[in-house]
Amino acid sequence: MKSKILLIIRREYMTRVKKKSFIIMTILGPILFASLLVVPALLMKVSTDKDTIAVVDESGNFEDKLENKGTLIFSNVEDIDMAREQLKESVFDLVLFIEKTDEDKANPVSLFYNKKQPGLGTVTAIENQLQDVLQNKLLMQTFHISTEDYNKIKAIKINLRAQDVRTGEESATGMKTGIGYAAAFLIYLFVFLFGAQVMQGVIEEKSSRIVEVIVSSVKPFQIMMGKIIGIACVGLTQFLLWIVLTFGIVAIAGGAMASSFTPNEMTQSMNMGEMISPEIAGQIETVTMVEKMLSGVGNIDFTFIILMFLIYFIGGYLLYASLFAAVGSAVDNEADTQQFMLPLTVPLILAIIAIPMVMQNPNGSVAVWLSMIPFTSPVLMMMRVPFGVPTWELALSIGLLIAGFIFTTWFAAKIYRTGILMYGKKVNYQELWKWLRY
C-alpha cells in the first residue's frame, strides 16, 4: 500500500514541477512579493513632482509663514484676480485664497486649480500648515508660548519597551505582529491555492476517465492520499523557493537603495547644524521607525516559529485538501463545485476576519478558542505563536488539528470512493449523505 501511495506522490510531484506554469510562478512570485516591499520606497525616493502655489492672504495671518516642504512651493501674490489669470496661464499649479473676516471668525480658505486637480496628500499638507500657523499664533497670544518652546514639547516622545520580568528580555511587539500576520496570511493563501489544485486535479482525472484505469490497480483512498501529499510537496517546494528568492531580491534592491544615502551622512548633517531637507527628514523618520520595530528582534525564536508554521501549514493543508478532493470527486466540472465550496470557505474567511481581533489581544478568550478549533487554528494560532503560547495550549491545538485531519480524511474517503466513478449525475447534500452511509 505504501509503495503505491509513494508512486502516486512521485507522479503528482514530478508532473507538476515540470509544468511551465510552476516554473513561471516560481520566478514571478518572488518578483511580485519583492515589488510590494521595494517599489513603494523606490517611488517615494524618485518622486520629484512639485506643486507651485500662489498664496493670496487678505487676512495677513499667514503671510511669509507657509514653508516650502516636500512637494509644496509657496509664492505670495497680492491680488486674487492676478493669481487666477496666472493660474490659467500655468504660471502656478494652485491658488490658495485666504479671505479677511472679523477677528472672532475663522478665515474662509479656498484652493483653486486649473485642469490639474490637487491630490489628497497635497490638500492635507496645506491644511496642516495652515493649522500649525494658527496654533502658533494662539499659543503666543493667549498662552505666551513661543513656537520654539512648543516644538520642543511636541518633540517629546515615549518609547515604551515591554520586558519579560522573569528573563529581562525585551519584546519586539511590532516585529512579532508583522511575523504573525504574514505567517497567518500565507497559510490562508496556500491552503486555498493548493487545496484548489487538488480539487482541479481530481476533476480533470475524473472527466478524462484516467481514474478508471488507475483504480484497477490502486484503491481510491490511495489515489486520494497520493494526490494530496504530492501536491503538498509541490507547495512546500514552491514556498521555500519563494522565500529564498524574495529575500535575495529584497537584499540586493535594499543594498542598492541604501548606497545612495547613509545614516552617517544624516548624522553629520545634523551635527553641523545644516538645514535638513524634507526628503532627508523623511528618511530619518523611516530609519527611526525601522530601528524601533527591530528593537528586541534578537529575542524572537525564529526556529520555533518556522517549526510551528510548518506544522500548522501541513496540518491545515491536509485537513482542507481532503475535503477539496471529496468535492472534486462528487462533481463532473468546476461549475458544479459552487454549492459545496461555501461550507469549506466560511471557516477560513472567519479566521481572516478574526485576525485583527487576535492581533489586538493574542491571549484573549476569543483568540484562544479560535486557535483550538481545527478549521481556524492553522491561521489564528500562527498569529499568536510569536507572542508566546502556553505549551499545553499548543499541544491541545496540534492534537485537535491531527484529530480533525484524521476525521476529514475518513469523511472525504467515503465520498471519494463512490463519487470518483460516478458520472452524469447532479449530486446534492442528500446524495452525499447516502454515500457516507454506504
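In the predicted model, L348 is found in helix α12. L348 is buried, because its relative accessibility of 2% falls under the 20% cut-off. Leaving aside residues up to four places away in sequence, L348 touches Y188, V191, F192, Y320 and V379. L348 and L380 are separated by 32 residues in sequence, and their C-alpha atoms lie 9.8 Å apart in space.

Both V379 and L380 are among the buried residues of helix α14, an element that spans residues 377-384. Helix α14 is mostly covered, with eight of its eight residues buried. Besides V379 and L380, the buried set comprises S377, P378, M381, M382, M383 and R384. The buried residues of α14 pack against α6 (173-207), α11, α12 (338-360), α13 (365-370) and α15. Within the protein chain, α14 is also where confidence is highest, at a mean pLDDT of 92.

The packing of α14 against helix α11 (residues 302-330) was examined further. The axes of these two helices are 9 Å apart and the packing angle is about 170°. Because this angle is over 145 degrees, α11 and α14 are roughly antiparallel to each other. On the α11 side, the contact is made by I305, M308, F309, Y312 and G316. On the α14 side, S377, P378, M381 and M382 take part. Classified by residue type, the contact of α11 with α14 has seven nonpolar and two polar residues, and no charged residues.

A second helix pair involves α15 and helix α16 (residues 429-437), whose axes come within 9 Å and cross at roughly 100°. This crossing angle lies in the range of 65 to 115 degrees, and α15 is therefore roughly perpendicular to α16. In this contact, F411, K414, I415, T418 and G419 of α15 meet L432, W435 and L436 of α16. By class, the contact of α15 with α16 has five nonpolar, two polar and one charged residues.

Helix α15 (residues 391-419) also contains F405. F405 counts as buried because its relative accessible area, 18%, is under the 20% cut-off. When residues up to four places away in sequence are not counted, F405 touches M225, L318 and L319. F405 and Y317 are 88 residues apart in sequence, whereas the distance between their C-alpha atoms is 9.1 Å.

Towards the start of the chain, E12 has its place in helix α1 (residues 2-17). With a relative accessibility of 5%, E12 counts as buried, since this value is under 20%. The side chain of E12 makes a polar contact with the side chain of K227, at 2.7 Å. Beyond its neighbours within four places in sequence, E12 is in contact with E205, G226, K227, G230, I231 and V234.

A contrasting environment is provided by S90, which is found in the loop between α3 (80-88) and β3 (94-98). S90 has a relative accessible area of 59% and is therefore exposed, the cut-off being over 50%. Although S90 is not a glycine, its phi is positive, at about 65°.

At the level of the whole protein chain, the model has 16 helices and six strands. Of the 438 residues, 37% count as buried. Among contacts between residues at least 6 apart in sequence, 71% join residues at least 24 apart.

The protein chain averages a pLDDT of 78, and 79% of the residues score at least 70. Confidence is lowest in helix α9 (residues 263-271), where the mean is 45. Over residues 261-284 the pLDDT is below 50, and beyond near neighbours in sequence this stretch has 19 contacts in the model. Where pLDDT is low, the predicted coordinates should not be read in detail.

Note on methods: Residues are numbered from 1 along each chain as its sequence is written. This is a predicted model: local features need pLDDT of at least 70, side-chain atom pairs count only at pLDDT 80 or more; totals for chains, interfaces and linings use all residues. Side-chain values use heavy atoms; hydrogens and water are left out. pLDDT is the predictor's confidence in each residue, from 0 to 100. Helices (H or I, at least four residues) and strands (E, at least two) are DSSP runs, numbered from the N terminus. Contact means heavy atoms within 4.5 Å. Buried means under 20% relative accessible area, exposed over 50%, partly exposed in between (1.4 Å probe, protein chains only). Axes are lines fitted to C-alpha atoms, for helices over the stretch in contact, and angles run from 0 to 180 degrees between N-to-C directions. Angles under 35 degrees count as roughly parallel, over 145 as roughly antiparallel, 65 to 115 as roughly perpendicular and the rest as oblique. Ala, Val, Leu, Ile, Met, Phe, Trp, Tyr, Cys and Pro count as nonpolar, Asp, Glu, Lys and Arg as charged, and the others, Gly among them, as polar. A polar contact is a pair of N or O atoms within 3.5 Å; within protein, one must be able to donate a hydrogen and the other to accept it, and residues adjacent in sequence count only if both atoms are side-chain atoms.
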